[in-house]
Structures are given as C-alpha cells and as structure tokens.
Amino acid sequence: MNHCNALVAFCILATVFSAARAAEEPASPGGEPLALVIGIDDYQALGRLTTCRNDAGELARTLVESAGYTPNRVLLLTDDAAKPQNRPTLATMERRIQQVAVLAGGEDSLLIYFSGHGVTREGKGYLVPMDGDERRAVALSWIKETLSTSKARSKVLILDACHAGSAAKGVSRIAPSLVADSTGIVMLLSSAADQVSYPAEDSRHSVFSRYLVDGLSGLADANGDRAVTQAELHEYVRKKMVGWCLETGKTQTPVVFPKAAAPVVLARIPDIPTLSVTAVDAATGVAIAAEVYLDGRRIGAAPVSRRLEKGRSYRVEVKGESSEPYTETLVVSRGGVYSVTASLKKITMRVPAGFRAAPGTAAETYTNTGWAKEVIHEKTGIEMVFIPAGEFM
C-alpha cells in the first residue's frame with residue numbers, strides 16, 4: 001500500500017434533516033426508509049478501484065437484513081449491473097438521485113450512499129460516475145440542493161469517495177463547507193483531512209465501511225433500544241478503528257461534524273434474531289465458496305442468512321473444498337444479526353494422482369503421512385476412502 005499524502009481520502013456520512021424537527025429524542029419516521037446505494041470500481045477514464053462495489057453490495061444487503069428496509073425500497077447501482085438502468089453513468093446517477101428525492105414521502109427517511117472516485121475542482125466537490133472524469137461528475141452542491149427539495153422527514157448521505165492508492169484528488173476538505181451553509185447537516189468522515197483511508201486486510205472492503213456495516217447491523221446499538229443513531233455509529237466505528245490502528249501501525253481517525261447534533265436514527269434493528277454467515281480464506285481474507293450447516297442441516301452456500309429463535313443455541317459449521325471445517329456455537333439471547341465470518345484454512349494434504357481431496361476432509365490418521373482421508377476421483381466424481389500403502393492398525 002503506497003501512502004500518498006497528496007491524496008485526501010475520505011468517507012462522509014451526511015445526515016440532512018429539517019431544523020424544525022431537530023429534538024432531544026432521535027427522529028423516528030413513521031413512514032418507510034428508502035435507499036439509493038451506488039458502488040463503482042471499473043472507471044473508463046480514472047484508475048480502477050477494488051472495494052467500492054463490494055462495500056455498496058454489503059451495505060445494501062445490511063439495510064434489508066438488519067436495518068429495517070424492505071427489499072423493493074433499496075436500489076443498488078453498480079458498474080457491473082445486469083440492467084443498463086442500474087449502471088451508474090452520469091445521466092443515470094443524476095436521474096436516480098432526483099427520482100428517490102421525489103419518491104420519498106413526508107414521513108419517509110431517505111438514504112443515498114456512494115462509493116467511488118471523488119474529486120475537487122475550483123473549490124467544489126464532485127462524485128465521479130463510471131463514465132465520468134474530473135470534468136464530468138456530479139456536484140455535491142447539486143445533490144444538497146436536490147435533497148433540500150425532498151419531502152422526506154430525514155435525509156442521509158453516505159460518501160466513500162476517495163481511497164488510498166487512488167489517482168483522483170479527494171474532496172474531504174470540502175465537507176465542512178457543506179455543513180456551514182446547511183442547517184441540520186451531520187457528517188461523519190472516515191478519516192481526518194491529512195490521513196489516508198485504508199482498505200481492510202481482505203482488500204474487499206474499506207476498513208471504515210466494514211465497521212460501518214457492522215454498526216448498522218446492530219452492533220452500534222449502545223443503549224439496547226434497537227435503534228442506531230449517527231452518534232452511536234460514529235462512536236462504535238471510532239473505537240473499532242482505534243484497535244485496528246494499534247494492530248496495523250496505520251493511523252485513520254473518523255471525524256464527526258457537528259459533534260453536538262440532535263440524534264437521527266440510521267437503522268431500526270428488528271427484534272428477530274438473524275444468522276449471517278460469510279466464508280473467507282484464512283491466508284488472504286478473500287471470500288471463498290463454502291457450504292453452511294446449521295445443527296447438521298445444510299442451509300446453503302456462503303454468504304447466507306437464516307432467521308433464528310431466541311433462547312436457543314445453534315451449531316454453525318462451514319465447509320470449504322480442501323479446507324479445514326469451521327465450527328462455532330451461537331447462544332441466541334436477543335434480536336438482531338449474529339454475524340459469523342468463517343476463516344477457512346487450506347488443508348495441506350497429499351492426494352494420489354487423478355484425485356482431489358473431498359470437501360471438509362482431513363488428513364488420514366492411519367499412517368500419519370499426510371494423505372487425505374477422503375478423496376474424489378477427478379474423471380468419475382466417485383468419492384472414496386484412500387488407504388495408503390503400509391502397515392497400520
């Protein structure tokens with residue numbers, strides 16, 4: 001990772017709401033939340049990014065599974081979307097932002113998330129679409145004006161728009177000016193203006209966004225009221241990043257503006273307990289294919305989610321091909337999401353020519369010479385128990 005001081009990496013969480021509705025208690029919309037989530041990795045004119053698409057997809061999934069959003073009210077735009085109308089070109093981004101601003105009703109909450117390149121030009125901040133560059137981009141000032149016309153009770157803007165190693169110039173220094181002339185704007189930045197925003201160890205998500213998603217899943221609910229406010233989210237992410245910085249030797253500090261803003265609810269955590277399982281390679285941190293079992297019954301391939309019951313304990317098993325199985329026991333005592341990340345270690349075993357190790361198998365214990373206990377014949381797919389040559393009991 002090249003530390004580039006010329007880059008100003010940032011992630012802004014800007015919550016916009018009517019000053020007349022600011023109160024001591026968190027804003028609690030009676031309508032339904034609506035979200036537009038955008039993630040761009042593959043740019044036509046600027047450098048390619050690696051975490052934005054994953055961050056957007058994970059956030060969209062979390063909003064539905066954990067934060068009280070219904071699936072048909074979360075619109076995901078990515079550069080690899082199958083439908084052309086869901087690819088974030090300049091025209092599509094502007095049209096979709098205007099669309100959700102109009103569709104959000106007076107009691108609804110509105111969230112817009114963007115992860116991709118951000119640039120500054122002549123003292124103004126811009127978000128770059130997949131077909132854009134430093135001249136063709138969406139102005140933050142235009143987004144603010146568009147949101148101001150929406151009838152939505154609360155408006156949330158999350159931006160992760162400059163990344164370590166990016167060739168684009170970040171816009172975090174523009175963030176305070178966005179607050180200055182807009183009553184009721186709350187912003188959470190992933191890093192201070194003179195710091196770099198880093199990817200996580202698995203290089204699939206940014207560190208900030210990883211903790212952001214965990215917090216919105218319910219882990220940031222400090223007072224147990226099943227609601228996550230921007231203050232709770234910032235404090236959760238801040239504490240997590242302190243630990244990450246001490247572990248890695250890097251420095252990244254999330255910042256909130258203003259510090260004494262009225263609380264706004266960003267997520268409503270359902271009282272229904274939910275299991276969420278992902279599998280990663282222990283050596284690289286990259287997501288891998290694996291089968292997930294709950295109390296011995298297969299429930300699908302990771303990533304997978306299932307509802308649980310309170311007052312019960314569950315045995316979670318994750319089995320990947322040529323990997324040591326992962327097992328964890330969960331005791332369900334509350335609602336919300338129980339996240340399991342299975343870190344699977346590759347099995348270093350010997351297999352006979354023309355065979356491969358069966359999923360979830362281990363080294364045989366007959367001779368202790370490292371041969372796989374169960375193997376699969378490559379040509380026929382027949383599973384066999386391999387008995388190596390030698391004498392044994």
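Here are three short exercises on the predicted model shown above.

**Exercise 1. Describe the protein chain as a whole.**

Solution. Start with the secondary structure: the protein chain has six helices and 22 strands. Next, look at burial: of its 393 residues, 49% are buried. Then turn to the surface, where the accessible area is about 18,300 Å² and carbon and sulfur atoms account for 51% of it. Finally, consider contacts between residues at least 6 apart in sequence: 66% of these join residues at least 24 apart.

**Exercise 2. Work out how helix 1 and helix 5 are oriented, and list the residues where they touch.**

Solution. Find helix 1 at residues 52-66 and helix 5 at residues 207-219. Their axes come within 9 Å and cross at roughly 5 degrees. Angles under 35 degrees count as roughly parallel, so helix 1 and helix 5 are roughly parallel to each other. Helix 1 brings D55, E58, L59, T62 and S66 to the contact, while helix 5 brings S209, V213, L216 and S217. Sorted by class, these residues are three nonpolar, four polar and two charged.

**Exercise 3. Do the same for helix 2 and helix 3, adding the handedness of the crossing.**

Solution. Helix 2 covers residues 90-103 and helix 3 covers residues 140-148; their axes come within 9 Å and cross at roughly 25 degrees. That angle makes helix 2 roughly parallel to helix 3. As for handedness, the crossing of helix 2 with helix 3 is right-handed. On the helix 2 side the contact uses E94, I97, Q98 and A101, and on the helix 3 side W142, I143 and T146. Four of the contact residues are nonpolar, two are polar and one is charged.

Methods:
Residues numbered from 1 in each chain as written. Predicted model: local features only at pLDDT ≥ 70, side-chain atom pairs only at ≥ 80, totals over all residues. Heavy atoms only, no water. Axes fitted to C-alpha atoms, helices over the stretch in contact; angles between N-to-C directions. Helix = DSSP H or I, 4+ residues; strand = E, 2+ residues; numbered from the N terminus. Parallel < 35°, antiparallel > 145°, perpendicular 65-115°, else oblique. Contact = heavy atoms within 4.5 Å. Nonpolar A, V, L, I, M, F, W, Y, C, P; charged D, E, K, R; others polar. Buried < 20%, exposed > 50% of the residue type's maximum accessible area, 1.4 Å probe, protein only. Areas by Shrake-Rupley, 256 points an atom, 1.4 Å probe, with all protein chains shown as cover. Left-handed = near helix turned anticlockwise from the far one by under 90°.
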